[in-house]
Amino acid sequence: MKIGITGGIGSGKSYVCQLLKTRGIEVYDCDQAAKRIIRTSDDVRQQLLQLIGSLEKADIARFLLESEANAQKIDAIVHPAVFRDFEESGFQWMESAILYESGAYKLVDRVIVVTAPEEVRIHRVMQRDGITREKALQWMQRQWPQAELQRRADYEIINDGQQDLNSQIEKLLMS
């Protein structure tokens, strides 16, 4: 059975995946894979260079945030490469912030969503990335609303700083 872990930016997906790793569960990180593929795949690099004119991270991010059409053009290059890489990886678990938006949900049997209150998420992203509130909100608005992810998911892990994550993970793994 393949399992997808999703949640909006700042929800704490990566932290939950670290906790899973301490239990011997390796999770494929789509974001890290995309960055690796952009660095190492000649085909992807060539397509991005033709599209954007640069392979600098800042230039790619700027192009991506300029418009939904630009984001779709990048996604059409990067997502298929990440999906192929996941399928070849042998991993059973996948972490993707944009599991539904990207179509990666089609590669998994069950979906876990990690959630947190919006203000907690904004604060986490600002601290982690050293960005303004406005930039954090801009990234959040590129993703589906948390309520929609909750509605579609098979299981929810609440990462609000109050609920015990370990007991939620244990309950998940026993189900």
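These notebook entries record what I looked up in a predicted model.

**Entry 1. Ground rules**

I number residues from 1 along each chain as its sequence is written, and I use heavy atoms for side-chain values, with hydrogens and water left out. Because the model is predicted, I accept local features at pLDDT of at least 70 and side-chain atom pairs at pLDDT 80 or more, while totals for chains, interfaces and linings use all residues. I take helices (H or I, at least four residues) and strands (E, at least two) as DSSP runs, numbered from the N terminus.

**Entry 2. The cores**

I began with the nonpolar cores, each a set of buried Ala, Val, Leu, Ile, Met, Phe, Trp, Tyr and Cys residues joined through side-chain atoms within 4.5 Å. Here buried means under 20% relative accessible area, exposed means over 50%, and partly exposed lies in between (1.4 Å probe, protein chains only).

Which residues touch the most other members of the largest core? I found Tyr28, Val44, Leu48, Ile74, Val78, Val82 and Met94 in that role, among 29 residues. Two or more residues come from each of α2 (30–40), α3 (42–52), α4 (57–66), α5 (68–89), α6 (99–102) and β4 (110–115). Helix α5 gives the most, with eight residues. Apart from this core I noted another of 15 residues, including Val16, Val27, Val114 and Leu172.

I then listed the contacts (heavy atoms within 4.5 Å) of methionine 94. Leaving aside neighbours within four places in sequence, methionine 94 is in contact with Ile3, Gly4, Ile5, Val27, Tyr28, Cys30, Phe86, Leu99, Ala104, Leu107 and Val108.

**Entry 3. Aromatic rings**

I counted four aromatic pairs in the structure. Rings of Phe, Tyr and Trp (its six-membered ring) pair if their centres lie within 6.5 Å; planes under 30 degrees apart count as stacked, over 60 as edge-to-face and the rest as tilted.

Tyrosine 28 and phenylalanine 86 form an edge-to-face pair, because their ring centres are 5.2 Å apart and their planes stand at 65°. Tyrosine 28 belongs to strand β2 (residues 27–29) and phenylalanine 86 to helix α5, so this pair ties together parts 58 residues apart in sequence. Both tyrosine 28 and phenylalanine 86 are buried. Ring pairs also bring Phe91 into a cluster with Tyr28 and Phe86.

The rings of tyrosine 100 and tryptophan 144 are stacked, because their centres are 5.6 Å apart and their planes at 5°. Tyrosine 100 is in helix α6 and tryptophan 144 in the loop between α8 (133–141) and α9 (146–152), so parts 44 residues apart in sequence are tied together. Tyrosine 100 counts as buried at 8% relative accessibility, whereas tryptophan 144 counts as partly exposed at 28%.

The charged end of arginine 152 sits over the ring of tyrosine 100, 5.4 Å from its centre. I apply that wording if NZ of Lys or CZ of Arg is within 6 Å of the ring centre and within 35 degrees of the ring normal.

**Entry 4. Two helices and their buried sides**

Where do the buried residues of α2 lie around its axis? These residues are Cys30, Ala33, Ala34, Ile37 and Ile38. They cover an arc (of the directions from the helix axis to the C-beta atoms) of only 135°, so they are on the same side of α2. The face turned away from that buried side carries the exposed residues Arg39 and Thr40. The cover over the buried residues of α2 includes β2, α3, α4, α5 and β3 (93–95).

In helix α1 (residues 13–21), I found Lys13, Val16, Cys17, Leu19 and Leu20 buried. They fall within an arc of 155° and so line one face of the helix. The buried residues of α1 pack against β1 (3–6), β2, β3, β4, β5 (155–158) and α10 (165–174).

**Entry 5. Residues far apart in sequence**

Isoleucine 98 lies in the loop between β3 and α6 and is partly exposed, at 23% relative accessible area. Its C-alpha is 6.9 Å from that of threonine 6, although the two residues are 92 apart in sequence. Beyond neighbours within four places in sequence, isoleucine 98 is in contact with Thr6, His79 and Gln143.

Histidine 79, placed in helix α5, counts as buried at 13% relative accessibility.

Asparagine 166 is in helix α10. Asparagine 166 and leucine 19 are 147 residues apart in sequence, yet 7.6 Å apart in space, C-alpha to C-alpha.
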